[in-house]
Amino acid sequence: MLRRSLPLLHRLHRSLSSSSLPPLSQPPTHGHLPNTHSALTPSLHFFNSVLPGQIPTYRVLDSNGVIVDGAEVPDVGREFARRLYETMMLLPAVDNVLYNAQRHGSISFYMTTHGEEAAVVGSAAALSPTDEVLGQYRELGVLLWRSYPLSSIMAQCFSSMDDPGKGRQMPVHFGSPAHHFHTISSPLATQIPQAAGVAFALKRDPARKGDVAICYFGEGAASEGDFHAGLGMASVLGGPLIFFCRNNGFAISTPAAEQYAGDGIASRGPGYGIRTVRVDGNDAWAVYNAVKEARRLALEYQKPVLVEAMTYRVGHHSTSDDSYAYRPKQEVEDWKRIDNPLFRLRRYLESQSLWSESDESSLRTSQREAVLAAFRYAESRPKPRLGQMFTDVWGGEEPWMIREDREEMGRLLNKYGNVWEGWRRELERFDAGGRDMMGAGEEEEEN
Amino acid sequence: PPTAGGHLPTIATSSLLRTSRDSALRSPGIQWQDPDSHSHSRDTRKLNMYQAVRDAMATALIKDDTSLVFGEDVAFGGVFRCTLNLAEEFGRERVFNTPLTEQGIAGFALGLAAMGHTAIAEIQFSDYIFPAFDQLVNEAAKIRYRTGGAYDVGRVTLRAPCMSVGHGGLYHSQSPEGFFLGAQGLKVVIPRSPLQAKGLLLASIRDPNPVIFLEPKILYRSTIEQVPTEDYHLPLSSAEVLIPGDSLTLLSYGTPLYHCETALSLLRSPPPELEHLVPPSLRSAKVELIDLRTIVPWDIASIVESVNKTRRLVIVHEAPSLGSISSEIAAEVTKRLFLKLEAPVRRVTGWGTPVPLAWEGLWGPGEVRVLDAVLETLMY
């Protein structure tokens, strides 16, 4: 069969070579190919970096809080500097209470920001309060900087009736349109192409001139397809946007060395035509300066900018994780001591007489009291009305399937809610004890 | 009776299409969006389906400054011509190409909508919606719920050509609607004709929920109707009775509706080669033909009302039966009308294989398969 087709191939080949090609003549000379401005070269050279050596890491303070030669601390004023430190300190104050609360079974889950306080709060401080924030889940510090109430944080973690999210998502999935903080969701990196859309909307809206979007994600999330999609969309379509990568060395148990083989996340920015900087993520002033400038560039060019903040995840990934199963405890302790973002900024502030030992102790006391007060209140509050399980699925007219589910649950509650111990106990946790649904069922039976 | 072949309805000659101005303006459920205008001044234009889709998007772009149309290759008019000249008319800032990334397109649309803008995005073929599945199922469908209503992305509409085109093979023929049945919070809509496409698409764009709008691509050029020039909606989650009847409910949507129409013609007056297979007593059966139109959330009231009357149900769609909307409908109808049914609910669907290129003519629910299911159900 193959042999029989050979004559045909010969004929095809002859006809192609004899008649299809244009006659040979001097081709026009050109300097580059149609889809690139790349110069043509006779030398065969492969490369795997766009910079000689690694992309440098921008730093302002060394690990003792001393200004590095040639670096500049931003001129933000005394109150701002103190507030930055206080907010960074509030993070572990909240984290420690809620982490322990999970350990005691009061809340179901928690994720701390230990070690990344400077990256998160330092970047937040460089933003305008109306800049749109799309986060991953370790960005509570942005909300704290924006004075999001401790009561709402606690209500979210407890799924209490005061939770603006109505108790539906796992703890630490915060969100608040008033604080321009888009609600966190668990699927990693989905917020990255969404941020491209948010930035495009800002670009189009005259009322939002001067605002940018910032999109936070970890170095692990940057392996998702949505990272590629989001950077591609944003770089081509434009809009004021800061991609902020928290490179803390681990995605749960996976070290960065098993996440990528290139030079971190920063090396990818230029591939998309995106202005990029790598910054010492444990240096609050370096992060602040970098994001401030990234913000200016994003606004000026209406294009995305990438910031990679190098830091270290001091805490476990989450309360469901024991990180000593995959990294030595000593390594963590070393990082806490050698390169502590809180210590670094504190030493700097003390050297400038902006902070004192007594400031420190009164701050710790007042923060702990405020956090515990909010915690105790949230703990005492019931869960939302039972019927709220069924709202907000579809907007507009409620589809029949939701209505029927609610009615069926009401029927079952009327029948078993007071007799079946498991349900009786469960219902007591909800506002109105589930009577909002049982009542609806009773009315129906009367009809 | 008419002779074989020549008088069978085709898509082009279908009586399901409204080819006069009067019948178009009297379409059931039509909701005019310009309250000031009067019915005597309303006009229609003869359009095929891609032109009607284009007309709907132009209407949305005119009425809403925040609305944007984007996707792969939409700027030059789209590979199916649905966005023809929209970029010239409304500017590249509002009608533009995106990089080739479906998850990027969907995510971008959600970001726009979260900011209150109207996103009308195109996925080039519904076969390629799956890279965006995560953005649609985990994000679009759940954003209102998970934020307690603080954010919603109801201003997203994702258009995608769907269903078989005769030679599309595995990846230019699929009907993915069944995959979205479990995505509570999304709507899925499929039109059958130009007039339907415009009214349902405009309703989808303005609906407070993210909508996946699937356009049967074989109908883009083959269906031609008089389409009202004004802004109008057709209701979502509302099925439409196309041919009333009392002996069997024949339920479908999109392209197979036309196969159903042909099947009913075969039933009424079988051509000589089929005459011996169609018992004369069944030829006068009055079959009720219904267009489901919205797949999620579907119109259970209309279906139950019809089957309560006819006591027999045949469901026809191109997607294979496993995990499809007909599974849902069969279960719900059986639950509600168990004692009324005089035959099992029957489904005529694509065979349970990927869409195979060489066999495409025998793969879908063609008119003979529909005829057979109707006969078997009537004779049960």
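**Exercise 1. Work out what share of chain A counts as buried, and describe the chain's overall build.**

Step 1. Start with burial: 50% of the 447 residues in chain A count as buried. Keep in mind as you go that this is a predicted model.

Step 2. Next, the secondary structure. Chain A contains 14 helices and eight strands.

Step 3. Now hold the chain up against the globule rule. For 447 residues, a compact globule would come out with a radius of gyration near 22 Å, but chain A has 28 Å. Its C-alpha trace spans about 90 × 70 × 50 Å along the principal axes.

Step 4. Look at the contacts. Take pairs at least 6 apart in sequence: 74% of these contacts in chain A join residues at least 24 apart.

Step 5. Finish with surface and charge. Chain A has an accessible surface of about 22000 Å², and carbon and sulfur atoms account for 54% of that. Its 47 positive and 55 negative charges have mean positions 6 Å apart.

**Exercise 2. Run chain B through the globule rule, then fill in the rest of its profile.**

Step 1. Chain B has 380 residues, so a compact globule would have a radius of gyration near 21 Å; the chain has 21 Å, which agrees.

Step 2. Check the box: the C-alpha atoms fill roughly 60 × 45 × 40 Å along the principal axes.

Step 3. Count the elements and the burial. You should find 14 helices and 16 strands in chain B, with 62% of its 380 residues counted as buried.

Step 4. On to contacts. Of those in chain B between residues at least 6 apart in sequence, 82% join residues at least 24 apart.

Step 5. The accessible surface is about 14100 Å², 55% of it from carbon and sulfur atoms. As for charge, chain B carries 35 positive and 41 negative side chains, and the centres of the two sets lie 4 Å apart.

**Exercise 3. Find the span of chain B that UniProt lists as a domain, and describe it.**

Step 1. The unreviewed UniProt entry lists residues 47–222 of chain B as "domain: Transketolase-like pyrimidine-binding".

Step 2. Compare the two ends: the C-alpha atoms at the ends of residues 47–222 of chain B lie 10 Å apart. The span is 35% helix and 18% strand.

**Exercise 4. Is Ala213(A) buried or exposed, and what does it touch?**

Step 1. Ala213(A) sits in strand β3 of chain A, residues 213–218.

Step 2. Its relative accessible area is 0%, which is under the 20% cut-off, so Ala213(A) is buried.

Step 3. Setting aside residues up to four places away in sequence, Ala213(A) touches Glu132(A), Val198(A), Ala199(A), Leu202(A), Pro240(A), Leu241(A) and Ile242(A).

**Exercise 5. Place Gln194(A) and list its contacts, keeping an eye on chain letters.**

Step 1. Gln194(A) belongs to helix α6 of chain A, residues 191–204.

Step 2. At 8% relative accessibility, Gln194(A) counts as buried.

Step 3. Beyond its neighbours within four places in sequence, Gln194(A) is in contact with Leu134(A), and also with Gly107(B), Phe108(B), Leu110(B), Gly111(B), Gln135(B) and Glu139(B) of chain B.

**Exercise 6. Where does Ser175(B) lie, and is it buried or exposed?**

Step 1. Look in the loop of chain B between β6 (156–162) and β7 (187–189): that's where Ser175(B) lies.

Step 2. With a relative accessible area of 11%, Ser175(B) is buried.

Step 3. Apart from neighbours within four places in sequence, Ser175(B) is in contact with Met163(B), Glu318(B) and Ala319(B).

Technical notes: Residues are numbered from 1 along each chain as its sequence is written. Chains are lettered from A and ligands numbered from 1 in the order in which they are written. This is a predicted model: local features need pLDDT of at least 70, side-chain atom pairs count only at pLDDT 80 or more; totals for chains, interfaces and linings use all residues. Side-chain values use heavy atoms; hydrogens and water are left out. Helices (H or I, at least four residues) and strands (E, at least two) are DSSP runs, numbered from the N terminus. The radius of gyration is taken over C-alpha atoms; the globule rule is 2.2 Å times the number of residues to the power 0.38. Buried means under 20% relative accessible area, exposed over 50%, partly exposed in between (1.4 Å probe, protein chains only). Contact means heavy atoms within 4.5 Å. Accessible areas come from the Shrake-Rupley method with a 1.4 Å probe; for residues, only the protein chains shown count as cover. Lys and Arg count as positive and Asp and Glu as negative; His and the chain ends are not counted. The place of a charge is taken as NZ of Lys, CZ of Arg, CG of Asp or CD of Glu. UniProt positions are given in the numbering used here, feature names are shortened, and annotations may be inferred rather than shown by experiment.
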